[in-house]
Structure formats: C-alpha cells, structure tokens
Amino acid sequence: MAEIDIYVRYCETDAGGHVNNTSYFVYFEEARTKFFKLIGFGPQERSINFIVARTECDYLAQAYAGQSLIVKTKVSKVGTKSYTMAHKIYDAETGEHIAKGSAVVVCFDYEAQQSIEIPDQLREKLEEHRDTKELSS
C-alpha cells in the first residue's frame, strides 16, 4: 500500500466551501502516479501505456481548503488486461474517513487502438503489491 499527503488548496473547493467533487479524482490520479513511480513505472517509462476505463468515488465527509489529507492506495485486483486500484482518503489530523474510490486501469496500445494484456514485468509488480484486504486507517 502506498500513501501520499495532500494539502487542499483553495482552488480545489467550490461555492459551498468544501472540496469540489472533481478534486477527489485528481487526488486519486496523483496517488496512482506516485504509486507507479514507486514501483518503477513512472511517467518517464513510456513502454507501457494505460488508460482509465472506469473510476468512482464515494463521498463520506466534507474536506476544506487548508486541510491536510492522506490518500492510501493499493492494487485490489489484477486481471488479464486490466487492474483495479483502490483509494481511501483520510483527514491527516483526525483520521476521519473522507472518501473512498477506485479506478479500473487498462493496458492499451495507442497505435492499434485496443487493449492489450498486462506486460509480464508490470503484472509481476502489481501482484507483488496486490492487497485484497479492506484499506484501513
């Protein structure tokens, strides 16, 4: 499991004063990006391409500008051509559970415009970091 810290900026909030619903997807994306860098498949590694096929978020509590959050990320499922990343967001100070979500990521060949099997070197790393247990605080 990987963890990142997020400092909520004012521009990530909406007219209601809380974090805008779209900002959570940016937090999840940042967590996935840092996870892949951690396992050796960062942005500079262009031999494997991914697309996000599905993403979702359940909003459990409000977050606000100036708040510090923790995003916990894990690989929850590895299939033939896709894998699922699970995310949970907590208030860094209180531990309150703010949101949870997931993303189904597909390996993709942009030239052929079709999904491809997960390359062996990536599959090995995903399986190494796969955790089917529920994320906890």
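This report describes the fold, the salt bridges and some surface features of a predicted protein model.

**Overall fold**

The protein contains 2 helices and 6 strands. Their order along the sequence is β-α-β-β-β-β-β-α. With a radius of gyration of 16 Å, close to the 14 Å that the globule rule gives for 137 residues, the protein is as compact as a globular protein of that length. The C-alpha trace spans about 45 × 30 × 25 Å along the principal axes. Of the 137 residues, 41% count as buried.

**Salt bridges**

The structure has 5 salt bridges. The table gives three examples, including the separation of the closest N and O atoms in each pair.

| Basic residue | Acidic residue | Closest N and O atoms |
|---|---|---|
| Lys72 | Glu3 | 3.9 Å |
| Arg9 | Glu12 | 3.1 Å |
| Arg130 | Glu127 | 2.9 Å |

The pair of Glu3 and Lys72 links distant parts of the chain. Glu3 belongs to strand E1, while Lys72 belongs to strand E3, which covers residues 68-78. The two residues are 69 residues apart in the sequence. Lys72 has a relative accessible area of 10%, and because buried means under 20%, Lys72 counts as buried.

In the pair of Arg9 and Glu12, how accessible is each partner, buried or exposed in part? Arg9 has 48% relative accessibility and therefore counts as partly exposed. Glu12 has 10% relative accessibility, so Glu12 counts as buried. This charged residue sits in the loop between strand E1 (2-7) and helix H1 (21-38). Glu12 can also be compared in position with Tyr64: the two are 52 residues apart in sequence, and their C-alpha atoms are 8.7 Å apart in space.

The salt bridge between Arg130 and Glu127 joins two residues that fall in one accessibility class. Arg130 is partly exposed at 38% relative accessibility, and Glu127 is partly exposed with a relative accessible area of 34%.

**A negative patch on the surface**

Which residues form the negative surface patch? The patch is made of Glu117, Asp120, Glu124 and Glu128. One of these, Glu117, is found in the loop between strand E6 (114-115) and helix H2 (120-128). Why does Glu117 count as exposed? Its relative accessibility is 54%, and exposed means over 50%, so Glu117 meets the cut-off.

**A residue with positive phi**

Gln113 has a phi angle near 55°, which is a positive value in a residue other than glycine. Gln113 is placed in the loop between strand E5 (97-109) and strand E6. Its relative accessible area is 54%, so Gln113 is exposed.

**Summary**

The model shows a protein with 2 helices and 6 strands, and 5 salt bridges are present in the structure. One of them ties strand E1 to strand E3 through Glu3 and Lys72. Among the loop residues described, Glu12 is buried, whereas Glu117 is exposed and Gln113 is exposed.

Definitions and conventions:
Residues are numbered from 1 along each chain as its sequence is written. This is a predicted model: local features need pLDDT of at least 70, side-chain atom pairs count only at pLDDT 80 or more; totals for chains, interfaces and linings use all residues. Side-chain values use heavy atoms; hydrogens and water are left out. Patches are made of residues with over 30% relative accessible area and no salt bridge: like charges are joined within 9 Å, nonpolar side chains (Val, Leu, Ile, Met, Phe, Trp, Tyr) within 5 Å. Accessible areas come from the Shrake-Rupley method with a 1.4 Å probe; for residues, only the protein chains shown count as cover. A salt bridge is a side-chain nitrogen of Lys or Arg within 4 Å of a carboxyl oxygen of Asp or Glu. Lys and Arg count as positive and Asp and Glu as negative; His and the chain ends are not counted. The place of a charge is taken as NZ of Lys, CZ of Arg, CG of Asp or CD of Glu. Helices (H or I, at least four residues) and strands (E, at least two) are DSSP runs, numbered from the N terminus. Buried means under 20% relative accessible area, exposed over 50%, partly exposed in between (1.4 Å probe, protein chains only). The radius of gyration is taken over C-alpha atoms; the globule rule is 2.2 Å times the number of residues to the power 0.38.
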